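Trainee: Got a minute? I'd like to go through this chain with you.
Mentor: Sure, bring it up.

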Amino acid sequence: KQWGQLVDNVLSQVHVLDKLPTAAFLYLLVEFFILRPNVDLYKEDIEEDATGVLIESTVSIGVRMVALAIVGVITLIIFKK
């Protein structure tokens with residue numbers, strides 16, 4: 001019985017390890033394509049120039065989303081069966 005529990009425990013950890021590369025890849029996609037790059041955003045900046053901050057954020061995210069779409073289309077073309 002103990003051996004069976006040990007095997008079940010190891011197998012459950014293997015399933016978690018299989019999902020780690022996917023989770024890391026998804027985090028990388030969110031980090032690169034959605035979050036603002038190397039920009040320190042302070043409350044004072046938002047209060048002083050809310051429109052400018054919104055425009056800058058929208059443009060930055062928009063450019064990255066277009067890049068993500070291009071990468072997605074290229075991936076679909078390459079791996080099309």
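Mentor: First, a term: helices (H or I, at least four residues) and strands (E, at least two) are DSSP runs, numbered from the N terminus. Met 65 is found in helix α3.
Trainee: Is this an experiment or a model, and which pLDDT is needed for local features?
Mentor: It is a predicted model: local features need pLDDT of at least 70, side-chain atom pairs count only at pLDDT 80 or more, and totals for chains, interfaces and linings use all residues. Residues are numbered from 1 along each chain as its sequence is written, and side-chain values use heavy atoms, with hydrogens and water left out.
Trainee: How many helices and strands in the chain?
Mentor: 3 helices and 0 strands. Along the sequence the pattern reads α-α-α.
Trainee: How many residues does α3 have, and what does it span?
Mentor: α3 has 29 residues and reaches 42 Å from first C-alpha to last. That is close to the expected 42 Å, taken as 1.5 Å times one less than the number of residues.
Trainee: Back to Met 65. Buried or exposed?
Mentor: Neither: Met 65 is partly exposed, because its relative accessible area is 35%. Buried means under 20%, exposed over 50%, partly exposed in between (1.4 Å probe, protein chains only).
Trainee: Which residues of α3 are buried?
Mentor: Val 53, Ser 57, Ser 60 and Arg 64. Across the chain, buried residues make up 6% of the 81 residues.
Trainee: How far is Met 65 from Phe 32?
Mentor: They are 33 residues apart in sequence, and 9.6 Å apart in space, C-alpha to C-alpha.
Trainee: New topic. Where is Asp 49?
Mentor: Asp 49 sits in the loop between α2 (43–48) and α3. Asp 49 counts as partly exposed because its relative accessibility is 42%.
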